[in-house]
Amino acid sequence: GDADAHYHLGLLLTATRPEMALPDLMLAARLDPRLDAPVQSLRASLNAALLVDDRPYQLVMAGRALATLGDWDLAAEAFRRAVVARGDYADAWAWLGEAHQHLGGDGLSDLEKALLLNPDSAMVNALYGLYWGRQGKPEQALALFRRAISLEPENAAWQAAAGSAAEASGDLVAALAYYKQAVALDPQGVANWRALAAFCARYQVEVTESGLPAAYRLLELAPA
């Protein structure tokens, strides 16, 4: 009858044996409705992951779900198990590098390995771009985000990330174009509308044409 115990057991199983995690997670949510939101988030990710009969892939997806909840310790464990299971899994190495950064480490060697294993992975390029952005090198980050866009041009997340990097590097024209493309590709993406509205307000560019419509759209999607 201890909701927290079931929830934390479910988290541990998500990182180690994702196919066994849902019963404890669902029981935790039934015992304590406050846990329903994180449990439903994990449930959606795990159900999608378990549709693919590929253990390393399941672990990476489980790790990403844990990372979304901010549980980077367990996310790192899931990614570590993925690279142990398949040493040439580039995306798993890249996510392991991302986790190490959130845990106070560097993560560069993991990212370098990931890029060496698969330079044509959009995810690897994007996570490597995040690394350089955190190092205060937006030009290097932007080059990697552009590479990710060339590989997956319909991914709004890469467009938004490129907009942020272009803005940090001082190329405001390119930044605005990337932000606008992000909302065009993902009209339901609250974060993208927020980024576009904030950019227009911050630099007083296209306030009427883009900034105000973005702000109104943001209020529609997230009125709170």
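Helix 3 and helix 4 run roughly antiparallel to each other in this predicted model. Helix 3 covers residues 36-50 and helix 4 covers residues 55-68, and their axes cross at roughly 170°. Because an angle over 145 degrees counts as roughly antiparallel, the pair receives that description. Two packed helices are described not by the angle alone but also by the distance between their axes. Here the axes come within 9 Å, and helix 3 passes helix 4 in a right-handed crossing.

Which residues of helix 3 and helix 4 meet? From helix 3 come L42, S45, L46, A49 and L50, and they face Y57, Q58, M61, A62, A65 and L66 of helix 4. Sorted by class, this contact contains nine nonpolar and two polar residues, with no charged residues.

Charged residues enter the picture elsewhere. Side chains of opposite charge can pair when their charged atoms come close. In this model the count of salt bridges comes to ten, and three of these pairs are described below.

One salt bridge joins R34 and D32, with a distance of 3.0 Å from N to O. Are these two partners buried or exposed? R34 is exposed, at a relative accessible area of 71%, whereas D32 counts as buried because its relative accessibility of 12% falls under the 20% limit.

Another salt bridge lies within a single helix. E77 and R80 both belong to helix 5, which spans residues 72-85, and they stand three residues apart, about one turn of the helix. Their side chains meet at 2.8 Å, again from N to O. E77 is partly exposed, with 23% relative accessibility, and R80 is also partly exposed, with a relative accessible area of 38%.

A further salt bridge connects E98 and R134, whose closest N and O atoms are 2.6 Å apart. Why does this pair tie together separate parts of the chain? E98 is in helix 6 (residues 90-102) and R134 is in helix 8 (residues 122-134), so the salt bridge links parts that are 36 residues apart in sequence. E98 is buried, with a relative accessibility of 5%, while R134 is partly exposed at 43%.

Salt bridges can also share partners, as in the network that unites E77, R80 and R81. The pair E77 and R80 in helix 5 is thus seen again as part of this network.

Conventions. Residues numbered from 1 in each chain as written. Predicted model: local features only at pLDDT ≥ 70, side-chain atom pairs only at ≥ 80, totals over all residues. Heavy atoms only, no water. Salt bridge = Lys/Arg side-chain N within 4 Å of Asp/Glu carboxyl O. Buried < 20%, exposed > 50% of the residue type's maximum accessible area, 1.4 Å probe, protein only. Helix = DSSP H or I, 4+ residues; strand = E, 2+ residues; numbered from the N terminus. Axes fitted to C-alpha atoms, helices over the stretch in contact; angles between N-to-C directions. Parallel < 35°, antiparallel > 145°, perpendicular 65-115°, else oblique. Left-handed = near helix turned anticlockwise from the far one by under 90°. Contact = heavy atoms within 4.5 Å. Nonpolar A, V, L, I, M, F, W, Y, C, P; charged D, E, K, R; others polar.
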